[in-house]
Amino acid sequence: MAAAGKRRFRAQRLILVLILLVLFGLVGMLLRSNLFDAPVTEVIEKLPDNVDLGLDRVHYSQNENGATSWVLDADRAAYQRKEEELVLTAVELTFFNAGRFGEMKLKAASGVLHRQQKKIDLAGNVHITMSTGENFQAETLHLDYALKIASTKDPVRMWGRQLELTGIGMRLDLNQGKLQLLEKIHALFDERLSKGASR
(Lines give C-alpha, C1' and ligand atoms only; values in the text may rest on other atoms or scores of the structure.)
Protein backbone atom coordinates (compact mmCIF):
# COMPACT_ATOMS: atom_id res chain seq x y z
CA MET A 1 0.00 0.00 0.00
CA ALA A 2 2.83 2.37 0.92
CA ALA A 3 4.71 1.50 -2.31
CA ALA A 4 1.60 2.22 -4.38
CA GLY A 5 1.19 5.57 -2.64
CA LYS A 6 4.82 6.48 -3.38
CA ARG A 7 4.41 5.55 -7.04
CA ARG A 8 1.28 7.71 -7.29
CA PHE A 9 3.10 10.63 -5.63
CA ARG A 10 6.06 10.27 -8.05
CA ALA A 11 3.67 10.15 -11.03
CA GLN A 12 1.89 13.30 -9.85
CA ARG A 13 5.21 15.06 -9.33
CA LEU A 14 6.37 14.02 -12.81
CA ILE A 15 3.15 15.37 -14.38
CA LEU A 16 3.61 18.66 -12.49
CA VAL A 17 7.19 18.98 -13.74
CA LEU A 18 6.06 18.31 -17.32
CA ILE A 19 3.33 20.96 -17.04
CA LEU A 20 5.87 23.49 -15.72
CA LEU A 21 8.27 22.68 -18.57
CA VAL A 22 5.52 23.25 -21.14
CA LEU A 23 4.57 26.56 -19.48
CA PHE A 24 8.20 27.73 -19.41
CA GLY A 25 8.51 26.76 -23.07
CA LEU A 26 5.44 28.84 -24.00
CA VAL A 27 6.69 31.84 -22.02
CA GLY A 28 10.07 31.54 -23.75
CA MET A 29 8.39 31.51 -27.17
CA LEU A 30 6.36 34.59 -26.28
CA LEU A 31 9.43 36.44 -25.04
CA ARG A 32 11.40 35.56 -28.18
CA SER A 33 8.58 36.91 -30.35
CA ASN A 34 8.48 40.15 -28.27
CA LEU A 35 4.76 39.65 -27.74
CA PHE A 36 4.90 40.96 -24.19
CA ASP A 37 6.75 44.11 -25.27
CA ALA A 38 4.55 44.85 -28.29
CA PRO A 39 1.73 47.41 -28.14
CA VAL A 40 -1.82 46.07 -27.89
CA THR A 41 -2.46 46.80 -31.57
CA GLU A 42 0.54 44.66 -32.61
CA VAL A 43 -0.62 41.83 -30.37
CA ILE A 44 -4.07 42.03 -31.97
CA GLU A 45 -2.58 41.89 -35.47
CA LYS A 46 -0.75 38.63 -34.60
CA LEU A 47 -3.97 36.89 -33.59
CA PRO A 48 -5.73 34.56 -36.05
CA ASP A 49 -8.84 35.99 -37.73
CA ASN A 50 -11.26 33.96 -35.63
CA VAL A 51 -9.76 34.87 -32.23
CA ASP A 52 -11.23 37.54 -29.94
CA LEU A 53 -9.30 38.94 -27.02
CA GLY A 54 -10.33 39.94 -23.49
CA LEU A 55 -8.22 42.27 -21.37
CA ASP A 56 -8.56 43.55 -17.80
CA ARG A 57 -7.51 47.07 -16.76
CA VAL A 58 -6.75 48.54 -20.15
CA HIS A 59 -4.69 51.72 -20.63
CA TYR A 60 -4.45 53.11 -24.17
CA SER A 61 -2.85 56.39 -25.25
CA GLN A 62 -3.04 58.30 -28.52
CA ASN A 63 -0.04 60.39 -29.58
CA GLU A 64 0.04 63.33 -31.98
CA ASN A 65 3.26 65.06 -33.04
CA GLY A 66 5.24 63.27 -30.33
CA ALA A 67 2.90 64.26 -27.48
CA THR A 68 0.08 62.34 -25.80
CA SER A 69 -3.20 63.87 -26.97
CA TRP A 70 -5.55 61.59 -25.03
CA VAL A 71 -5.63 58.45 -22.89
CA LEU A 72 -8.29 55.82 -22.37
CA ASP A 73 -8.66 53.61 -19.30
CA ALA A 74 -11.19 50.82 -18.81
CA ASP A 75 -11.78 48.09 -16.25
CA ARG A 76 -12.28 45.58 -19.06
CA ALA A 77 -11.98 45.46 -22.83
CA ALA A 78 -13.11 42.75 -25.24
CA TYR A 79 -11.66 42.96 -28.75
CA GLN A 80 -13.95 41.71 -31.48
CA ARG A 81 -11.68 41.08 -34.43
CA LYS A 82 -14.36 40.69 -37.10
CA GLU A 83 -15.84 44.12 -36.41
CA GLU A 84 -12.45 45.58 -35.34
CA GLU A 85 -14.12 46.97 -32.23
CA LEU A 86 -12.99 47.21 -28.63
CA VAL A 87 -15.96 46.82 -26.26
CA LEU A 88 -15.18 48.63 -22.99
CA THR A 89 -16.50 48.53 -19.44
CA ALA A 90 -16.15 51.41 -16.93
CA VAL A 91 -14.51 53.83 -19.36
CA GLU A 92 -12.46 56.93 -18.55
CA LEU A 93 -11.13 59.21 -21.29
CA THR A 94 -8.88 62.22 -20.82
CA PHE A 95 -8.20 64.75 -23.57
CA PHE A 96 -5.21 66.91 -22.67
CA ASN A 97 -5.92 69.65 -25.19
CA ALA A 98 -9.62 70.37 -25.63
CA GLY A 99 -9.13 73.88 -27.03
CA ARG A 100 -10.66 76.66 -24.94
CA PHE A 101 -12.12 74.02 -22.59
CA GLY A 102 -8.61 73.03 -21.45
CA GLU A 103 -8.45 69.41 -20.30
CA MET A 104 -11.55 67.27 -20.77
CA LYS A 105 -12.39 64.09 -18.84
CA LEU A 106 -15.16 61.69 -19.81
CA LYS A 107 -16.57 58.80 -17.77
CA ALA A 108 -19.16 56.23 -18.82
CA ALA A 109 -20.42 52.80 -17.78
CA SER A 110 -19.52 51.32 -21.17
CA GLY A 111 -18.21 52.15 -24.60
CA VAL A 112 -17.18 50.84 -28.00
CA LEU A 113 -13.95 51.96 -29.68
CA HIS A 114 -14.14 51.76 -33.49
CA ARG A 115 -10.48 51.70 -34.50
CA GLN A 116 -10.93 52.06 -38.25
CA GLN A 117 -13.40 54.95 -38.04
CA LYS A 118 -11.52 56.61 -35.13
CA LYS A 119 -14.74 56.94 -33.16
CA ILE A 120 -15.93 56.01 -29.68
CA ASP A 121 -19.54 55.44 -28.60
CA LEU A 122 -20.12 55.87 -24.86
CA ALA A 123 -23.24 54.83 -22.94
CA GLY A 124 -24.52 54.76 -19.38
CA ASN A 125 -24.36 57.91 -17.25
CA VAL A 126 -21.86 59.72 -19.47
CA HIS A 127 -20.21 62.54 -17.51
CA ILE A 128 -17.87 65.15 -18.99
CA THR A 129 -15.76 67.46 -16.82
CA MET A 130 -13.80 70.40 -18.24
CA SER A 131 -10.86 71.98 -16.45
CA THR A 132 -12.59 75.34 -17.10
CA GLY A 133 -15.41 74.31 -14.74
CA GLU A 134 -18.16 73.08 -17.05
CA ASN A 135 -19.83 69.70 -16.50
CA PHE A 136 -22.03 67.75 -18.90
CA GLN A 137 -24.24 64.75 -18.36
CA ALA A 138 -26.08 62.55 -20.89
CA GLU A 139 -27.01 58.91 -21.32
CA THR A 140 -25.01 58.42 -24.53
CA LEU A 141 -22.24 60.25 -26.38
CA HIS A 142 -20.69 59.77 -29.81
CA LEU A 143 -17.08 60.93 -30.03
CA ASP A 144 -15.15 61.42 -33.27
CA TYR A 145 -11.66 61.74 -31.84
CA ALA A 146 -10.06 62.44 -35.21
CA LEU A 147 -12.28 65.52 -35.71
CA LYS A 148 -12.55 66.21 -31.93
CA ILE A 149 -16.34 66.43 -32.06
CA ALA A 150 -18.65 65.00 -29.37
CA SER A 151 -22.39 64.71 -29.96
CA THR A 152 -25.55 63.14 -28.62
CA LYS A 153 -29.27 63.08 -29.48
CA ASP A 154 -30.25 62.45 -25.86
CA PRO A 155 -31.30 64.91 -23.16
CA VAL A 156 -28.25 66.83 -21.90
CA ARG A 157 -27.54 68.73 -18.73
CA MET A 158 -24.69 71.22 -18.44
CA TRP A 159 -23.73 73.11 -15.30
CA GLY A 160 -20.95 75.36 -14.05
CA ARG A 161 -20.03 79.06 -13.86
CA GLN A 162 -23.34 79.87 -12.16
CA LEU A 163 -25.34 78.56 -15.11
CA GLU A 164 -27.26 75.38 -15.73
CA LEU A 165 -28.45 74.46 -19.23
CA THR A 166 -30.67 71.56 -20.23
CA GLY A 167 -31.78 70.54 -23.70
CA ILE A 168 -32.23 67.73 -26.18
CA GLY A 169 -29.19 66.94 -28.31
CA MET A 170 -25.72 68.45 -28.17
CA ARG A 171 -22.76 69.08 -30.45
CA LEU A 172 -19.42 69.97 -28.89
CA ASP A 173 -16.61 71.03 -31.25
CA LEU A 174 -13.31 71.04 -29.35
CA ASN A 175 -11.32 72.52 -32.23
CA GLN A 176 -13.57 75.56 -32.53
CA GLY A 177 -14.47 75.71 -28.83
CA LYS A 178 -18.19 75.69 -29.65
CA LEU A 179 -21.07 74.08 -27.78
CA GLN A 180 -24.55 73.72 -29.27
CA LEU A 181 -27.67 72.49 -27.51
CA LEU A 182 -30.10 71.59 -30.26
CA GLU A 183 -33.68 71.55 -28.92
CA LYS A 184 -35.87 72.46 -25.94
CA ILE A 185 -33.19 74.55 -24.29
CA HIS A 186 -33.74 75.76 -20.74
CA ALA A 187 -31.30 77.97 -18.81
CA LEU A 188 -31.09 78.60 -15.07
CA PHE A 189 -28.77 81.06 -13.29
CA ASP A 190 -27.69 79.81 -9.86
CA GLU A 191 -24.76 81.12 -7.78
CA ARG A 192 -24.30 77.72 -6.12
CA LEU A 193 -23.25 76.19 -9.45
CA SER A 194 -20.03 78.24 -9.49
CA LYS A 195 -19.00 76.49 -6.27
CA GLY A 196 -19.38 73.00 -7.75
CA ALA A 197 -22.79 72.26 -6.29
CA SER A 198 -25.09 70.17 -8.46
CA ARG A 199 -28.84 70.28 -8.29
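Leaving aside its neighbours within four places in sequence, which residues is Lys148 in contact with? To answer this for a predicted model such as this one, it helps to begin with the chain as a whole and then to work inward to that residue.

The secondary structure of the chain comes to 2 helices and 9 strands, and if the elements are followed from the N terminus, they run α-α-β-β-β-β-β-β-β-β-β. Of the 199 residues in the chain, 32% are buried. When contacts with a separation of 6 or more are considered, 36% of them are accounted for by residues 24 or more positions apart. The accessible surface comes to about 12,700 Å², and 55% of that surface belongs to carbon and sulfur atoms.

Turning to the interior, one finds that the largest nonpolar core has 35 residues, and that Met104, Ile120 and Leu122 are those with the most contacts inside it. The elements that give two or more residues to this core are strands S2 (67-80), S3 (85-95), S4 (104-114) and S5 (119-130), together with S6, S7 and S8 (163-173). If the neighbours of Met104 within four places in sequence are left aside, the residues in contact with Met104 include Leu93, Phe95, Ala98, Ile128, Met130, Leu172 and Leu174.

The strands S6, S7 and S8 can be followed through their pairings. S6 and S7 run antiparallel and are joined by 6 bridges, and one partnership between them links His142 with Ser151 in S7. These two strands form a hairpin with 4 residues between them, and in the turn Lys148 has a positive phi of about 60 degrees. S7 also pairs with S8 in the antiparallel sense, over 10 bridges, and here Gly160 has Leu163 in S8 as its bridge partner. S7 and S8 form a hairpin with 2 residues between them, where Arg161 in the turn has a positive phi of about 55 degrees.

With this picture in place, we can return to Lys148, which lies in the loop between strand S6 (135-144) and strand S7 (149-160). Is this residue buried or exposed? Lys148 counts as buried because its relative accessibility is 15%, and buried means under 20%. As for the opening question, Lys148 is in contact with Glu64, Asn97, Leu172, Asp173, Leu174 and Asn175, once its neighbours within four places in sequence are left aside. Two of these names have already appeared, since Leu172 and Leu174 are also in contact with Met104.

Terms used
Residues are numbered from 1 along each chain as its sequence is written. This is a predicted model: local features need pLDDT of at least 70, side-chain atom pairs count only at pLDDT 80 or more; totals for chains, interfaces and linings use all residues. Side-chain values use heavy atoms; hydrogens and water are left out. Buried means under 20% relative accessible area, exposed over 50%, partly exposed in between (1.4 Å probe, protein chains only). Contact means heavy atoms within 4.5 Å. A nonpolar core is a set of buried Ala, Val, Leu, Ile, Met, Phe, Trp, Tyr and Cys residues joined through side-chain atoms within 4.5 Å. Two strands pair if DSSP finds at least two bridges between them. Accessible areas come from the Shrake-Rupley method with a 1.4 Å probe; for residues, only the protein chains shown count as cover.
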